[in-house]
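Hi,

Here is the structure I promised to pass on. Have a look at it first, and then read my notes below.

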Amino acid sequence: MQSIRTVSIIGTGSYVPEKVLTNHDLEKIVDTTDEWIHSRTGMRERHIASPDQATSDLGTEAAKVALIDAGIDAEELDLIIVATLSPDMFFPSTACFVQDKIGAKNAFCYDLGAACSGFLFALDAAKNQIACGAVKTALVIGAEKMSTFIDWKDRGTCILFGDGAGAAVLQAGGEGRGIMQSVMGSDGSLADLLWTPGGGSRNPISHEMIDQGMQYLKMKGRDVFKYAVNRMTESVIQALEKNEVSVDEIKCFIPHQANIRIIDAIAKRLNIADRIYTNVEKYANTSSAALAMALDEAAKDGTLKKGDLVAMTVFGGGFTWGANVLEWSKS
Ligand code: UT7
């Protein structure tokens, strides 16, 4: 097997469901205000999937756009990874459903669970499988239907999340350095600060479990906030060192879109406020879709230019976190 050094993103796509839920709409559901939500999170609105849309449907729409952008046929895909914490069902994987919907009959498929960090972890996994020569072309998707397991009575969490999907097509080769080395970490001892405790094998589905609301996402927001700022800042620094790139060389920083105050704190610590990309105002926190959607948007709105060095960073339940650097090679 030949070892291939460069792996590039050759196409991106994203999708959000039609229905928009604004902060003013949320004022009618829970005891909150547009002012509170916007000043504490930077969010104005989020998109919510329709009852007949599952996560794979969102991922499929993003994938179709990414394939067109890449100029390749679905049958050319060797691998599909879907990063998600809201799969269609426990099994088969959401990636298998996407495969069927887009007709990628030559791809092997699996889901990756790293909560909000999932897209960066999946990008790294796919990149390495291509770099070692095992596969040539991969589709990496971050897709979430967060609205299904949000407690719409809990104002501390229901205002924060949205539904959506983003996708990237990766291929061996390309000009420049492509996707470089990632830095990733996890700390399972902090799992209970951000989790959905019910519905799995620990707390299986039962009337009792449902009565206790364990099927909903739970978060200790202030603790998560502190760890998110520290871990994302540290991992960007580590990823820059690992790839021998200076902070000044980075043209665009794309962080996980969880809260504008988290993003601002990272920007301040790294002195990168002029180069940080954010769309949290429009989509809220779409977990593993957020980075993928922001990358696609930055690519399409002209922020990313061929040859630009881009740094990305994520943080999520687990805890999980990471950062990487890539050279954008599309014109
Ligand atoms: O994607 C994974 C990573 N997730 C994150 O990174 C999220 C991290 N955490 C956060 O973004 C923030 O902690 C939140 C946005 C969740 C909360 O902001 P905060 O500034 O940390 O507020 P808080 O939780 O400390 O709450 C402050 C006050 C409380 O009232 P008291 O106890 O001071 O009277 C809350 O009850 O704000 C109240 N509050 C609300 N008020 C109006 C909490 N949620 C709301 C709300 N509307 N929606």
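**What turned up**

Let's start with a cysteine: Cys-116 is buried, at a relative accessible area of 8%. Buried here means under 20% relative accessible area, exposed means over 50%, and partly exposed is anything in between, using a 1.4 Å probe and protein chains only. Before you read on, note that this is a predicted model, where local features need pLDDT of at least 70 and side-chain atom pairs count only at pLDDT 80 or more, while totals for chains, interfaces and linings use all residues. Residues are numbered from 1 along each chain as its sequence is written, and side-chain values use heavy atoms, with hydrogens and water left out.

Back to the cysteines. How many disulfides does a search of the whole structure find? Zero, with a disulfide being a pair of cysteine sulfur atoms within 2.5 Å. Take Cys-96, which is partly exposed with a relative accessible area of 30%. Its closest cysteine sulfur is in Cys-109, but the 4.8 Å between the two sulfurs is too far for a bond.

Next, the ligand. It is surrounded by 22 residues, and the closest are Thr-32, Arg-40, Arg-222, Asn-259 and Asn-285; to count as near, a residue needs a heavy atom within 4 Å. Some polar contacts (pairs of N or O atoms within 3.5 Å; within protein, one must be able to donate a hydrogen and the other to accept it, and residues adjacent in sequence count only if both atoms are side-chain atoms) are worth finding on screen:

- An oxygen atom of the ligand sits 2.6 Å from a side-chain N or O atom of Asn-285.
- A ligand nitrogen is 3.0 Å from a polar backbone atom of Arg-155.
- Another entry pairs a ligand nitrogen with a side-chain N or O atom of Trp-36, at 3.4 Å.

On its own the ligand has 950 Å² of accessible area, and the protein covers 75% of that (Shrake-Rupley method, 1.4 Å probe; for residues, only the protein chains shown count as cover). Two or more residues of the shell come from each of α2 (34-41), α6 (155-158), α8 (221-242) and α9 (260-270). Of these, α8 gives the largest share, four residues. Helices (H or I, at least four residues) and strands (E, at least two) are DSSP runs, numbered from the N terminus.

Helix α3 (residues 55-70) is a nice one to click on. Its 16 residues reach 22 Å from first C-alpha to last, close to the 22 Å expected at 1.5 Å a residue; the expected span is 1.5 Å times one less than the number of residues. Its buried residues include Leu-58, Ala-62 and Leu-67, and among the elements covering them are β1 (7-15) and α4 (94-102). Right after α3 comes Gly-71, with a positive phi near 70°.

Finally, some backbone oddities. Most residues other than glycine have a negative phi, and most peptide bonds are trans. Which residues does a cis peptide bond with omega of about 0° join? They are Phe-91 and Pro-92, and Pro-92 lies in the loop between β4 (79-83) and α4. Gly-318 and Phe-319 are also joined by a cis bond, with omega about -15°.

Ala-115 has a positive phi of about 50° and is buried at 15% relative accessibility. Asn-271 has a positive phi too, near 60°, but is exposed at 63%.

Cheers

Definitions and conventions:
Contact = heavy atoms within 4.5 Å.
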